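Please keep the sequence and the model side by side while reading, and follow each residue as it is named.

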Amino acid sequence: MYTVYDLDGTLIDTDYVNFISYQEAAREVCGIQIGTSNKRFTREVLINEYGLDDSIVKKITTLKQDIFISHIEKTRLLPTFSILKRLTDTQNVLLTYCSRYRLEPIVDYYDMSKLFNYVFFKECYKGVSKFEFIKSIDGYNPQKVIVFENEDSSINEAIISGIPLENIFQIQSQ
């Protein structure tokens, strides 16, 4: 059996640090002040709500990664993390759209590497959803997978990949 965990918003609350990192990077790159946001701040918000072109957004997101790491102590563990620590009789999989560059410092900061049998991140997937990607793990059977996920879009990807809805636990933002 595999137990699959997302990172951001499922195991670790990164929203605040993500937001302030984008805020600092946008101010430094192009002098704009980003206001508050009621949702997770992403590169799409920079494009759609602030009208920034792709080249500026790329500069902001590159700088944002370094700023994020400098504020990592402001992230916090979510209750799902205690479930991860207790489930030792399953193959634990960290399956995230987080970049490797940002993932590794988070995993190190919270000393999580020994808790996972597999760790996959954005750069692994090469044009397929993360739930399609993990089908390549030996012995993987979507009927025997438990998922902890906070994002509706990723939950839909899990269902499309064959994981039964009753095996998916949606984590609510706190």
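What follows goes from the strands to the aromatic rings and ends with a single glutamine side chain. The model is a predicted one, and the descriptions below should be read with that in mind.

A convenient place to begin is strand 4, which spans residues 91–95. Four of its five residues are buried, so this strand is largely enclosed by the rest of the structure. Strand 4 pairs with strand 1, made of residues 2–5, in the parallel sense and over four bridges, and within this pairing Tyr-2 has Gln-91 of strand 4 as its bridge partner. Strand 4 also runs parallel to strand 5, residues 118–120, to which three bridges join it, and here Val-93 stands opposite Tyr-118 of strand 5. Between these two strands the chain passes through helix 5, residues 100–109, and the resulting β-α-β crossover from strand 4 to strand 5 is right-handed.

Two of the residues just met, Tyr-2 and Tyr-118, belong to one aromatic cluster, in which they are joined by Tyr-97, Phe-120, Tyr-125, Phe-133 and Tyr-140. In total the structure holds 13 aromatic pairs. One of the pairs is formed by Phe-41 and Tyr-50, whose ring centres are 6.3 Å apart and whose planes make an angle of 50 degrees, a tilted arrangement. Phe-41 is buried, with a relative accessible area of 3%, whereas Tyr-50, at 30%, is partly exposed.

How do the rings of Tyr-109 and Tyr-110 stand to each other, and what are the distance of their centres and the angle of their planes? Their centres lie 4.9 Å apart and their planes are at 85 degrees; because an angle over 60 degrees counts as edge-to-face, the pair is given that description. Tyr-109 is partly exposed, with a relative accessible area of 42%, while Tyr-110 is buried, with 15%. A ring is also approached by a charged side chain, since Arg-102 lies over the face of Phe-68, at 4.6 Å from the ring centre.

The last stop is Gln-23, which has its place in helix 1, residues 15–30. Its relative accessibility is 17%, and because buried means under 20%, Gln-23 counts as buried. The side chain of Gln-23 reaches the backbone oxygen of Ile-34 at 2.9 Å. Leaving aside residues up to four places away in sequence, Gln-23 touches Gln-33 as well as Ile-34.

Technical notes
Residues are numbered from 1 along each chain as its sequence is written. This is a predicted model: local features need pLDDT of at least 70, side-chain atom pairs count only at pLDDT 80 or more; totals for chains, interfaces and linings use all residues. Side-chain values use heavy atoms; hydrogens and water are left out. Buried means under 20% relative accessible area, exposed over 50%, partly exposed in between (1.4 Å probe, protein chains only). Two strands pair if DSSP finds at least two bridges between them. A crossover is right-handed if, with the strands pointing away from the viewer, the path from the first strand over the helix to the second runs clockwise. Rings of Phe, Tyr and Trp (its six-membered ring) pair if their centres lie within 6.5 Å; planes under 30 degrees apart count as stacked, over 60 as edge-to-face and the rest as tilted. A charge sits over a ring if NZ of Lys or CZ of Arg is within 6 Å of the ring centre and within 35 degrees of the ring normal. A polar contact is a pair of N or O atoms within 3.5 Å; within protein, one must be able to donate a hydrogen and the other to accept it, and residues adjacent in sequence count only if both atoms are side-chain atoms. Contact means heavy atoms within 4.5 Å.
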